[in-house]
Amino acid sequence: MTHNSTTLRRRLAALALPLAIAGALAGACPAAQAQSQAQPKGTLSDDLLKIGLILDMSGLYADVTGRGSATAAQMAIDDFGGKVLGRKIELVVADHQNKADIAANKAREWFDTDRVDAILDVAASAPALAVLEVAKQKNRIVVFSGPGSERLTNDLCTPVSVHYAYDTYALANTTARAMVQRGGKTWYFLTADYAFGHTLQESATAVVTEAGGKVLGAARHPINTSDFASYLLQAQASKAQVVGLANAGGDTVNAIKAAHEFGLTRDNKQRLAGLLLYINDVHAIGLRTAAGLVLTEAFYWDMNDDTRKWSRRYFEKVRKMPNMSQAGVYSSVMHYLKAVQAAGTDETAAVMKQMRAMPINDFFARNGRIREDGRMVHDMYLFEVKQPSESKYPWDYYKVLATVPGDQAFIPPSKSKCPLLKR
């Protein structure tokens, strides 16, 4: 062996010990290593802010969420300027096919590998409940405008979730109470047999009973039912004054059409209460059949100059007027982006703090606020569907019966099971 090779061996041996110590320290202190790689304060975690929507793009709820909600989200991004903190904002959309496992797997994939920072809507309650659990595990923000289950901010509330547009408590509390006050003392329910339908029926039952009414029974039907004949016969046989529809989307449309054909409401022997009825549903049913229905929504496109201005822009893109969930998506995306801007980061806790701190004042809500349980509290509206003779122009469908303040519409902290609420 030459002198030069011996010298080289000694130098390599001398380097080996420091390298081994450095490697051991790195392996023993992952927290320190992670801290060294943490984003600088006042910046995003990477060069892109990515927002996701997991919707029903082709099924039962496609008309009330779907492309309309995706369009509303993109409008908010464009109106914000397409960038936040100097970084591009990107929208990604997935179709969950109304399956909770598909929704949960997509959320996990987005958070783990696709660098999605927040999910700003999940259509339908069962998929939403599944995604809620993933967001909680991953400590990522999730906001809901499409699903209704009050459990999202009640017993299943989390520090990272917001329920934005409406929920089953507010729907039942407003519509069912109004129907009982109008003389509808006895009720029978047609209920969609899944999480949303069950919760809506439970909420409405509690309101009816509290208001002095009585529930005579219920029939549960599968999601996406085309033939309501047997269920309507049961409702008719009950002789209940009110048939409450604890379903949504195409199921509600089909049930109302079938009830009209059956003559269920002829001569006012029985009345229908659509506990979740969108303007899209009224449009699909037609005023001749839907006239006189009482319903609750958080938004109506023809309420004032601000709602009309935004809704006409939306109409130009979708060729339909927006409903409360679609308008809620725009409002919530805009609120999230403002919170990221104010926080100077996309870090979950900092953004959630800003979202709760900032009031919401836009065409969707006035003086809205996000409580500790994640419930966005805002006014709800009781509407009656106009008679055909009262409608003066396309999509002129509602007249306002009452405005219900948010603190009266949504579940009060004293009744909530959410441990995050201060009582």
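**Exercise 1. Find what the side chain of R371 touches, and say whether R371 is buried or exposed.**

Start with polar partners, meaning N or O atoms within 3.5 Å, one able to donate a hydrogen and the other to accept it, where residues adjacent in sequence count only if both atoms are side-chain atoms. The side chains of R371 and D373 make such a contact at 2.9 Å. The R371 side chain also reaches the backbone oxygen of I411, at 3.0 Å.

A word on the source: this is a predicted model, where local features need pLDDT of at least 70, side-chain atom pairs count only at pLDDT 80 or more, and totals for chains, interfaces and linings use all residues. Residues are numbered from 1 along each chain as its sequence is written, and side-chain values use heavy atoms, with hydrogens and water left out.

Next, place the residue: R371 sits in the loop between β12 (369-370) and β13 (376-377). Strands here are DSSP runs of E, at least two residues, and helices are runs of H or I, at least four, numbered from the N terminus.

Then widen the search to contacts (heavy atoms within 4.5 Å). Setting aside neighbours within four places in sequence, R371 touches R356, V377, I411, P412, P413 and L421.

Finally, check the exposure. R371 has a relative accessible area of 6%, so it is buried (under 20%; exposed is over 50%, partly exposed in between, with a 1.4 Å probe and protein chains only).

**Exercise 2. Work out the strand order of the open six-stranded sheet and describe the helix across it.**

Pair the strands first; a pair needs at least two DSSP bridges. The order comes out as β2-β3-β1-β4-β5-β6, with mixed pairing. The edges are β2 (83-84) and β6 (161-163), each paired on one side only.

Now look at one pair: β5 (residues 141-144) runs parallel to β6, joined by three bridges. Within β6, H163 stands opposite F144.

Add the helix: α4 (residues 100-112) lies across β1 (48-55), β3 (87-95), β4 (118-122) and β5, at about 175° to β1. Axes are fitted to C-alpha atoms, for helices over the stretch in contact, and angles run from 0 to 180 degrees between N-to-C directions.

**Exercise 3. Which residues of α3 are buried, and what covers them?**

List the buried ones: G66, G68, S69, A70, T71, A72, A73, M75, A76 and I77. Their cover includes β1, β3, β4, α12 (305-318) and α13 (324-343). After α3 comes G81, with a positive phi near 115°.
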